[in-house]
Amino acid sequence: MTEPFDLKSFNKFYTDYHPRFIRFANTYVRDISIAEDITTEAFMTCWENRANMEPGSNVRAYVLTIIKNKCLNHLQHKKIQIKTLDNIQDIAHWELNIRITTLSACDPEEVFSVEIENIINQTLAALPGRTLEVFKMSRYENKTHKEIADALNITTKGVEFHITKALTQLRSGLKDYMSVFLSFFSI
């Protein structure tokens, strides 16, 4: 077909060349549905521009050129997509390596004991002066209730009150670490 055409001649041209052009497009895009879409769009462009074609135009070459350009556009777009996905995968791979490295370097015992130590220090710092003094004498200096009572000139019931108050505050602060707390500060 080398001249502008009417609907009947276009339908014949379409019937004769549509399957061939799909195969051509599919050779490059390697997706039959995309090849069909590209070919159909090329035929539509040809039909819409038929009035602008010069007499003696090679319509097959015109449609094939449209298909070629659409295939090139598709492949270039696909290349950009693949490059973008590769970049995303590189970033994801780098981030995964960072997580693996930091997790490998993590010492749970150290993290756990530092957390507990911080909670204990904060809780003790918040205790009233006398309660803190009684608690330290009991737990850090291993003094008996009687020795603490004599040293501070208070009753043994007063010593018990202050120790109970300190332990209650510590239990509250360490509720998530109670088993460790009990091993350090058993009553």
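Begin by selecting helix α6, residues 145-152, in this predicted model, and then display what covers its buried residues, which includes α5 (129-139) and α7 (156-173). The buried residues of α6 are Ile148, Ala149 and Leu152, and because they cover an arc of only 100° around the axis, they lie on the same side of the helix. Turn the view to the face directed away from that buried side, where the exposed residues Lys146, Asp150 and Ala151 are carried. Just after α6 comes Asn153, whose phi is positive, near 60°.

Next, select Phe13, Phe21, Phe43, Cys46, Val59, Val63 and Ile67, which are the residues with the most contacts inside the largest nonpolar core, a set of 19 residues. The elements giving two or more residues to this core are α1 (7-29), α2 (32-48) and α3 (59-105), and the largest share, seven residues, comes from α1. Centre the view on Phe21 and, leaving aside its neighbours within four places in sequence, show its contacts: Phe13, Thr39, Phe43, Arg60, Val63, Leu64 and Ile67. Apart from this core lies another, of 17 residues, whose members include Met137, Ile148, Ala149 and Leu174; Ile148 and Ala149 are among the buried residues of α6 met at the start of the tour.

The aromatic rings come next. The model holds 11 aromatic pairs, one of which, Phe10 with Phe13, is tilted, at 6.5 Å centre to centre and 55° between the planes. Both of these residues lie in helix α1, three residues apart, about one turn of the helix, and both Phe10 and Phe13 are buried. For an edge-to-face pair, select Phe135 and Tyr140, whose ring centres are 6.2 Å apart and whose planes stand at 85°, so the angle is over the 60 degrees that this class requires. Colouring by accessibility separates the two partners, since Phe135, at 0% relative accessibility, counts as buried, whereas Tyr140, with a relative accessible area of 47%, is partly exposed.

Finally, return to Phe10 and Phe13 and extend the selection to Tyr14, Tyr17, Phe21, Phe43 and Trp47, which together with them form one aromatic cluster. Two arginines can be added to this view: Arg20 lies over the face of Tyr17, at 4.8 Å from the ring centre, and Arg50 lies over the face of Trp47, at 3.6 Å from the ring centre.

Key:
Residues are numbered from 1 along each chain as its sequence is written. This is a predicted model: local features need pLDDT of at least 70, side-chain atom pairs count only at pLDDT 80 or more; totals for chains, interfaces and linings use all residues. Side-chain values use heavy atoms; hydrogens and water are left out. Buried means under 20% relative accessible area, exposed over 50%, partly exposed in between (1.4 Å probe, protein chains only). Helices (H or I, at least four residues) and strands (E, at least two) are DSSP runs, numbered from the N terminus. The arc is that of the directions from the helix axis to the C-beta atoms. Contact means heavy atoms within 4.5 Å. A nonpolar core is a set of buried Ala, Val, Leu, Ile, Met, Phe, Trp, Tyr and Cys residues joined through side-chain atoms within 4.5 Å. Rings of Phe, Tyr and Trp (its six-membered ring) pair if their centres lie within 6.5 Å; planes under 30 degrees apart count as stacked, over 60 as edge-to-face and the rest as tilted. A charge sits over a ring if NZ of Lys or CZ of Arg is within 6 Å of the ring centre and within 35 degrees of the ring normal.
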